[in-house]
Amino acid sequence: MKLTKFEKSFIILFCFILIAEIQTGMSYPLLHYFAKPALLVSIIIFYYKQNTSIANKIKQLTFGALIFSLLGDILLMFADKFDHFFTLGLVAFLTAHILYILVFLKRRNTDKKPYLFSVILLVYGGLLFYFLKDNLGDMLIPVIVYMLVILTMGTTAYLRKGEVPNVSYILVFVGAILFMISDSLLALNKFYEPLPFSNISIMFTYAFAQLCIIFGLLKE
């Protein structure tokens, strides 16, 4: 994949912001309130600069997904202080996933059938739910809905194969899988048991999920 000088510069900047987010999350709580939103703000600005040749409908849906992701990031930062903020953050990311699904469906390959891939994702979701179910309480239904939506996002990313350039398909598909991994780690960390280095693994997979999806859509 050929990258422009601007794209290379942005990736380097994005990695520095990610490192700052992880470091401030561990050692500088006040600065963390600025570093974490900076990840999505940087992607939003980058996408705005690069999307001149993309159809308006796709632009609007993608911007919506990024803005709701940013809102979710901000809400989850305060989840330890206000119980309802975790639920609101879940709703924000749920909305972001739905908007990404709509974006991916715009370039669906109607000849491609997702049956086997969907079964694999359902098995994965079932195993994850097995570990989470005993500790979900009132979050049982919201978590089930969220899991179904993110599995659908993975499926719609898969269905772009053959309809878009290969580099676009791979980047978006990898991004969707990383998003699933990030959300799975977050769920296990909250509802199963604390994971070692969870702040690093969750943010690393989440940040590169967003980066891959946006680069993939731009390469479409």
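Helices are taken here as DSSP runs of H or I with at least four residues, and strands as runs of E with at least two, numbered from the N terminus. The model shown in every view is predicted.

**View 1. Two stretches annotated as transmembrane, residues 30-48 and residues 200-218.** The unreviewed UniProt entry lists residues 30-48, 60-79, 85-103, 115-133, 139-159, 166-188 and 200-218 under "transmembrane region". In the model, residues 30-48 are 100% helix and 0% strand, and 28 Å separates the C-alpha atoms at the two ends. Residues 200-218 are likewise 100% helix and 0% strand, with 27 Å between the end C-alpha atoms.

**View 2. Packing of helix α2 (residues 29-50) against helix α8 (residues 198-218).** Two packed helices are described by the angle between their axes and the distance between the axes. For α2 and α8 the angle is about 5° and the axes lie 11 Å apart. Angles under 35 degrees count as roughly parallel, and α2 and α8 are therefore roughly parallel to each other. On the α2 side, the contact is made by Lys36, Leu39, Leu40, Ile43, Phe46, Tyr47 and Gln50. Helix α8 contributes Met203, Tyr206, Ala207, Gln210, Leu211, Ile214, Phe215 and Leu218.

**View 3. An aromatic cluster that includes Phe46 and Phe215.** One cluster is formed by Phe6, Phe10, Phe14, Phe46, Phe204, Phe208 and Phe215. Among its members, Phe46 of α2 and Phe215 of α8 also take part in the contact between these two helices.

**View 4. A stacked and a tilted aromatic pair, each with a tyrosine of helix α2.** Rings are paired if their centres lie within 6.5 Å, and by this rule the model holds 20 aromatic pairs. In the pair of Tyr33 and Phe78, the ring centres are 5.3 Å apart and the planes differ by 10°, a stacked arrangement. Tyr33 belongs to helix α2, whereas Phe78 lies in the loop between α3 (56-77) and α4 (83-105), so that the pair links parts of the chain 45 residues apart. Both residues are partly exposed: the relative accessible area is 28% for Tyr33 and 26% for Phe78. In the second pair, the rings of Tyr48 and Phe63 have their centres 6.5 Å apart and their planes at 50°, so this pair is tilted. Because Tyr48 lies in helix α2 and Phe63 in helix α3, the pair ties together parts that are 15 residues apart in sequence. Tyr48 counts as exposed, at 57% relative accessibility. The C-alpha atoms of Tyr48 and Lys59 are 8.8 Å apart in space, with their positions eleven residues apart in sequence.

**View 5. Lys190 over the rings of Phe86 and Phe191.** Lys190 lies over the face of Phe86, at 4.4 Å from the ring centre. The charged end of Lys190 also sits over the ring of Phe191, where the distance to the centre is 5.9 Å.

**View 6. Surroundings of Leu61 in helix α3.** Residues under 20% relative accessible area are termed buried; Leu61 therefore counts as buried, at 10% relative accessibility. Leaving aside residues up to four places away in sequence, Leu61 touches Leu99, Leu102, Val103 and Lys106. The C-alpha atoms of Leu61 and Leu102 are 7.4 Å apart, although 41 residues separate the two in sequence.

**View 7. Surroundings of Ile181 in helix α7 (residues 166-191).** Ile181 is partly exposed, with a relative accessible area of 35%. Its contacts are Tyr124 and Thr205, not counting residues up to four places away in sequence. Tyr206 lies 25 residues from Ile181 along the chain, with 8.1 Å between their C-alpha atoms.

**View 8. Phe197 in the loop between α7 and α8.** Phe197 is not a glycine, yet its phi is positive, at about 55°. With 63% relative accessibility, Phe197 counts as exposed.

**View 9. Gly25 of helix α1 (residues 5-27) and Asn199.** A distance of 7.7 Å separates the C-alpha atoms of Gly25 and Asn199, which are 174 residues apart along the chain. Gly25 is partly exposed, with a relative accessible area of 42%.

Terms used
Residues numbered from 1 in each chain as written. Predicted model: local features only at pLDDT ≥ 70, side-chain atom pairs only at ≥ 80, totals over all residues. Heavy atoms only, no water. Phe/Tyr/Trp six-rings, centres within 6.5 Å; stacked < 30°, edge-to-face > 60°. Buried < 20%, exposed > 50% of the residue type's maximum accessible area, 1.4 Å probe, protein only. Lys NZ or Arg CZ within 6 Å of the ring centre and 35° of its normal. UniProt positions renumbered as here; feature names shortened; annotations may be inferred. Axes fitted to C-alpha atoms, helices over the stretch in contact; angles between N-to-C directions. Parallel < 35°, antiparallel > 145°, perpendicular 65-115°, else oblique. Contact = heavy atoms within 4.5 Å.
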